[in-house]
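Trainee: Please walk me through one part of this model closely, and then show me how the rest of the structure sits around that part.

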2 protein chains.
Amino acid sequence: MERRTRQKESVYRALVALGHPSATELYEYVHAQDAEISRSTVFRVLSDFASAGRARRLCFTGSDDRFDATLAPHAHLHCRKCGRIFDIPMPDMRSDGGRAERFLIEQCYVEFRGVCAACQGADGADEGF
Amino acid sequence: MERRTRQKESVYRALVALGHPSATELYEYVHAQDAEISRSTVFRVLSDFASAGRARRLCFTGSDDRFDATLAPHAHLHCRKCGRIFDIPMPDMRSDGGRAERFLIEQCYVEFRGVCAACQGADGADEGF
DNA sequence: TCCTTAATAGGATTTATTCTTAATAAGATG
DNA sequence: CATCTTATTAAGAATAAATCCTATTAAGGA
């Protein structure tokens, strides 16, 4: 059975508060409030959230992995100067491609995740993501 | 002045031949043919290619950074079981979303890269990407 | 309250990537 | 062609994100 712990709740609250933190950023934020929490716990809990579908693990070029508690479909604007990440809800993205944020788009990176033709037929266990 | 070296040419040829290799995969491939090439050279040359716009650095969840010599706009299908990566040219992507590859899409990850509103006005040097 | 075991703390470990430095070689110049 | 400058490389040390290990703690059912 999954247990509800102080650490998990701190991590989840921090994730919502911070937006798209890396594990290390989130650790420092949480650790400032609760010096007892350990680094490995933060990494493990974030991975567990991602596996359980309670958060998404993001992978941006040139930065550590980041985590996002927003599950609704949306895209990201990633500034190559300051590194900040902005959300665009899908409807807005479709209509104006981020122009509302006055973001200068230089590259568009699209990744579909799923299961390829060969693996759909495979018998192996579905190890999740 | 940029010099044309045996190492750079080996790395570029391997990049085209392998598709979307990680730096380590590419190193092993190149090293099998030329035992003199060093790991740090492969990492540096790939980064230089990415900076110069001769290749793109890809960042997939759950794998090392990968490199792609295909500069034409295209998206990627990333299988979470076998980890393989398939290209979809943009026109095909628009019309059938990868259905031609019989790929089961579970998630769509979109990242726009560029410069945010605040950084567009900044005086700081443009450090590239 | 007791008991089972999921979860954690803390630190060691792993591993992709970057950094450092002496040596090498591309290619410009005389 | 020989020489010289310096971009580039080889080799391995250094860095840091992320994982792994294990004794200990505590959630929550009985």
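Trainee: Into which domains is chain A divided? From there, please take a close look at strand β3 of chain A.

Mentor: Happy to. This is a predicted model, in which local features need pLDDT of at least 70 and side-chain atom pairs count only at pLDDT 80 or more, while totals for chains, interfaces and linings use all residues. Residues are numbered from 1 along each chain as its sequence is written, and chains are lettered from A and ligands numbered from 1 in the order in which they are written.

Chain A is divided into domain 1 (1-68) and domain 2 (72-129), with bounds that come from an automatic or database domain assignment. The contact between them takes four residues from domain 1 and four residues from domain 2 of chain A, where contact means that C-beta atoms, placed from the backbone, lie within 7 Å. On the domain 1 side, those residues divide into one nonpolar, three polar and no charged. For these classes, Ala, Val, Leu, Ile, Met, Phe, Trp, Tyr, Cys and Pro count as nonpolar, Asp, Glu, Lys and Arg as charged, and the others, Gly among them, as polar.

Along its sequence, chain A follows the pattern α-α-α-β-β-β-β-α-β-α, with five helices and five strands. Helices (H or I, at least four residues) and strands (E, at least two) are DSSP runs, numbered from the N terminus.

Now to your strand, β3(A), which covers residues 74-79. Five of its six residues are buried, so β3(A) is largely enclosed by the rest of the structure. Here a residue is buried if 20 or more other C-beta atoms, placed from the backbone, lie within 10 Å of its own, exposed if 12 or fewer, and partly exposed in between. Over the whole of chain A, 25% of the 129 residues count as buried.

What lies beside β3(A)? One partner is β4(A), residues 85-89, which runs antiparallel to β3(A) and is joined to it by five bridges. Two strands count as paired if DSSP finds at least two bridges between them. A:His74 stands opposite A:Pro89 in this pair. The two strands form a hairpin with five residues between them, and A:Gly83 in the turn has a positive phi of about 80 degrees.

Another partner comes from chain B: β3(A) pairs with β5(B), residues 104-115, in the parallel sense over four bridges. There, A:His76 stands opposite B:Glu111. Strands of a sheet pair through backbone hydrogen bonds, either parallel or antiparallel.

Step back, and these pairs belong to an open sheet of six strands with mixed pairing, in the order β4(A)-β3(A)-β5(B)-β5(A)-β3(B)-β4(B). β4(A) and β4(B) stand at the edges, each with a single partner strand, so one side of each is left without a neighbour in the sheet. From one strand to the next, the twist averages 25 degrees, where axes are lines fitted to C-alpha atoms and angles run from 0 to 180 degrees between N-to-C directions.

Next along from β5(B) is β5(A), and these two pair in the antiparallel sense over eleven bridges. A:Ile105 has B:Gly114 as its bridge partner, and A:Val115 stands opposite B:Leu104.

The sheet thus leads us to the interface between the chains, where the contact takes 37 residues from chain B and 37 residues from chain A. On the chain B side, β3, β5 and α5 (117-121) are the elements that give two or more residues, and β5(B) gives the most, with twelve. That side divides into 21 nonpolar, seven polar and nine charged residues.

Finally, the DNA. Around DNA strand C there are 26 residues, and A:Ser38, A:Ser40, A:Thr41, B:Arg4 and B:Ser40 are the closest; near means a C-beta atom, placed from the backbone, within 6 Å. The largest share of that surface, four residues, comes from α3(A). For DNA strand D there are 25 residues, with A:Arg4, A:Ser40, B:Ser38, B:Ser40 and B:Thr41 coming nearest. Here α3(B) gives the largest share, four residues, and the surface divides into five nonpolar, ten polar and ten charged.

Terms used
Two residues are in contact if their C-beta atoms, placed from the backbone, lie within 7 Å.
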